[in-house]
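Dear colleague,

I am passing on a structure for you to look through, and it is placed directly after this paragraph. Please open it alongside the notes further down, so that each remark can be followed on the atoms themselves.

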Amino acid sequence: MDDPGGAARHAAAGSGHFIQVSSQVGLTTVPTVGIYSASKFAVEGLTQALAGEVAPFGIKVTIVEPAGYATDWAGPSATVATPMSAYKDVHNAISELMATVEIGVPESPADAILTVADAEQPPLRIFFGRGPLEWVKASTKAASRSGRPGTTSPKRRSASERSRPLRFRVATT
C-alpha cells in the first residue's frame with residue numbers, strides 16, 4: 001500500500017511529527033464560506049483521528065490554526081459565484097467584517113512552527129496571529145448558550161487598533 005505521508009516509515013523509526021495546516025473556520029464558521037469551512041472541518045477530524053492512531057508509535061501531530069495571511073486565498077485564483085440579491089445584507093456584513101481583519105505575513109510563524117516540531121510534548125493545536133483562538137472560544141461559548149452550533153464573527157477592531165503593526169502571538173490548546 002502507498003504511504004505518501006510516511007506514517008509507516010515514522011512508525012518503524014518510533015518517532016516523527018506531522019504538522020497539518022488548517023484554519024479557524026475548521027472549528028467555527030461564518031456565512032458565505034460554508035464549503036471552504038466544511039473542507040477544513042474534514043481536515044480537523046481527519047488530523048485529530050490521525051493523532052490518536054499514530055501516538056502509540058511515538059509520532060506526534062499538530063494542527064496549525066493561522067489567522068488571515070496575505071495570500072491569494074480570496075484573490076484572482078478564487079472562483080466566486082455571482083452573489084444572489086437575497087443575500088445582499090449578509091454579503092455586505094461579511095465585507096465590512098473582512099475590512100477589519102488584520103492580515104499577517106505568511107512567513108511570520110515559520111520559526112514558531114519549527115520550535116513546535118521539535119517540542120517533546122507539542123500541542124494538538126496551535127493558533128497563530130490575532131483573533132483565531134478568541135474567535136473559536138466565542139463561537140463555542142455562543143453554541144453552548146444556545147444549544148445549537150454557533151457561528152460568530154471575530155471582534156471588530158477600531159481604526160486605531162488596525163493601524164498598529166501586527167505582532168506575532170501564539171496560543172496553544
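What follows is an account of what was found, going from the overall fold to individual residues.

Please keep in mind throughout that this is a predicted model. The protein contains six helices and four strands, and from the N terminus on these elements run in the order α-β-α-β-α-α-β-α-α-β. Of its 173 residues, 31% are buried, while the accessible surface comes to about 11,000 Å², with carbon and sulfur atoms contributing 59% of that area. Among the contacts with a separation of 6 or more, 75% are between residues that lie 24 or more positions apart.

As to how strands are put together, β1 (residues 16–21) runs parallel to β2, and six bridges join the two. One of the positions to look at here is Gln20, whose bridge partner in β2 is Ile63. Between these two strands the chain passes through α2, and the resulting β-α-β crossover is right-handed.

The loop between β1 and α2 holds Thr32, a residue that has a positive phi of about 85 degrees even though it is not a glycine. As background to that remark, most residues other than glycine have a negative phi. Thr32 counts as partly exposed because its relative accessibility is 45%, a value that falls between the 20% limit for buried and the 50% limit for exposed.

Further along, Ala42 has its place in helix α2, which covers residues 34–54. With a relative accessibility of 49%, Ala42 also counts as partly exposed, although that figure sits just under the 50% cut-off above which a residue would be called exposed. Ala42 and Gly26 are 16 residues apart in sequence, and their C-alpha atoms are 7.5 Å apart in space.

Turning to charged side chains, a search of the whole structure finds two salt bridges. In one of them the side chains of Glu44 and Arg125 meet, with an N to O distance of 2.9 Å. Because Glu44 lies in helix α2 and Arg125 in strand β3 (residues 125–128), this pair ties together parts of the chain that are 81 residues apart in sequence. Both Glu44 and Arg125 are buried.

The other salt bridge is formed by Glu65 with Arg125, where the closest N and O atoms are 3.3 Å apart. This pair, too, links distant parts of the chain, since Glu65 belongs to strand β2 (residues 59–66) and Arg125 to strand β3, 60 residues apart. Glu65 is buried, as is Arg125. Through the partner they share, the salt bridges join Glu44, Glu65 and Arg125 into one network.

On the surface, which residues form a nonpolar patch? They are Met84, Tyr87 and Val90, which together have about 290 Å² of accessible area. Val90 has its place in helix α3 (residues 88–98), and at 31% relative accessibility Val90 counts as partly exposed.

If you go through the model yourself, the network of Glu44, Glu65 and Arg125 and the positive phi of Thr32 are two places where you could begin.

With kind regards

Definitions and conventions:
Residues are numbered from 1 along each chain as its sequence is written. This is a predicted model: local features need pLDDT of at least 70, side-chain atom pairs count only at pLDDT 80 or more; totals for chains, interfaces and linings use all residues. Side-chain values use heavy atoms; hydrogens and water are left out. Buried means under 20% relative accessible area, exposed over 50%, partly exposed in between (1.4 Å probe, protein chains only). A salt bridge is a side-chain nitrogen of Lys or Arg within 4 Å of a carboxyl oxygen of Asp or Glu. Contact means heavy atoms within 4.5 Å. Accessible areas come from the Shrake-Rupley method with a 1.4 Å probe; for residues, only the protein chains shown count as cover. Patches are made of residues with over 30% relative accessible area and no salt bridge: like charges are joined within 9 Å, nonpolar side chains (Val, Leu, Ile, Met, Phe, Trp, Tyr) within 5 Å. Two strands pair if DSSP finds at least two bridges between them. A crossover is right-handed if, with the strands pointing away from the viewer, the path from the first strand over the helix to the second runs clockwise.
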